[in-house]
Amino acid sequence: MTTEWIPAALSSDLPRGGVMASVCGTLEVAVWRSASGRVAAWVDRCPHRGMRLSHGFVRGEMLSCIYHGWRFDGAGRCRKIPAHPDLDPPETIRTQSLACLDAQGVIWIASEAPAVAPPDLGNVVPLRSLTFEAGIDAVAAMTGEVPDRSLLRLDAHGPVPPLVLLLQALGPGRSAVHALAAPTGTGALVAASRALEDFRRRTEAQGIAA
Ligand code: FES
């Protein structure tokens, strides 16, 4: 169980009508955004026969499972079973919901809603998310910072703006790094993106050398 907000994705990577797979601690999670822009996160398992809900598709304000088409509203309650079109599904048929928040350009998830808000990221714009073949402790060690609620800062120097790195554990020796940068020109953001790739190369090389 996670008691803190976990960064699941940059908001810009989940458009309206989109579904993606993510991870919250040890839970595999489906995160989706409805046609009106509302986000939700559920355990990635359909309550019918266990198909991954992240393989489903969004219809308006509902997510449909790709297997038999059971349709769930934003609160996770089943509203439609295509094989029984006249049935009003019982309220007990629902997905296992997580807390989910879209704030500061980031989608945050937690297995239970934390008492505190996600950390204040300051004045930043989304850059990109990268998968690292390194655990979050190894990534943090490369920045020289101790993880503070998985928020790190990376000063890449030169024309590259300082980066805010949000770390998400994906499994043993694997993590996602969601990067944001101080607002700046397009050229500097391209340089920041390259700096992030270079940081990943150095971090992964350190792991191989260890
Ligand atoms: S497994 Fe999802 S509707 Fe059947």
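This passage describes the largest pocket of a predicted model, an annotated domain and three single residues.

In this predicted model, local features need pLDDT of at least 70 and side-chain atom pairs count only at pLDDT 80 or more, while totals for chains, interfaces and linings use all residues. Residues are numbered from 1 along each chain as its sequence is written, and side-chain values use heavy atoms, with hydrogens and water left out.

The largest pocket holds about 230 Å³ of space. Its lining has 18 residues, and Ala21, Ser22, Val23, Gln168 and Leu170 are the closest to the pocket centre. A pocket is an open set of points on a 1 Å grid over the protein atoms alone, where a 1.4 Å probe fits and protein lies on both sides within 12 Å along at least five of seven lines; lining residues have an atom within 4 Å of a point. The volume is the space filled by probe spheres set on the points, which are joined across faces, edges and corners.

Five strands each supply at least two lining residues: β1 (6-10), β2 (19-24), β11 (125-132), β13 (163-171) and β14 (174-181). Strands are DSSP runs (E, at least two residues), numbered from the N terminus, and helices are runs of H or I with at least four residues. Strand β2 gives the most to the lining, with 4 residues. By type, the lining residues are 9 nonpolar, 5 polar and 4 charged. Here Ala, Val, Leu, Ile, Met, Phe, Trp, Tyr, Cys and Pro count as nonpolar, Asp, Glu, Lys and Arg as charged, and the others, Gly among them, as polar. Domain 1 (6-110) and domain 2 (125-209) each contribute at least three residues to the lining; these bounds come from an automatic or database domain assignment.

Ser22 lies in strand β2. Ser22 is buried, at 9% relative accessible area. Buried means under 20%, exposed over 50% and partly exposed in between (1.4 Å probe, protein chains only). The Ser22 side chain makes a polar contact with the side chain of Gln168, at 2.9 Å. Such a contact is a pair of N or O atoms within 3.5 Å; within protein, one must be able to donate a hydrogen and the other to accept it, and residues adjacent in sequence count only if both atoms are side-chain atoms.

Val116 sits in the loop between β10 (106-110) and β11. Val116 is partly exposed, at 49%. Tyr67, in the loop between β6 (62-64) and β7 (71-72), is partly exposed at 48%.
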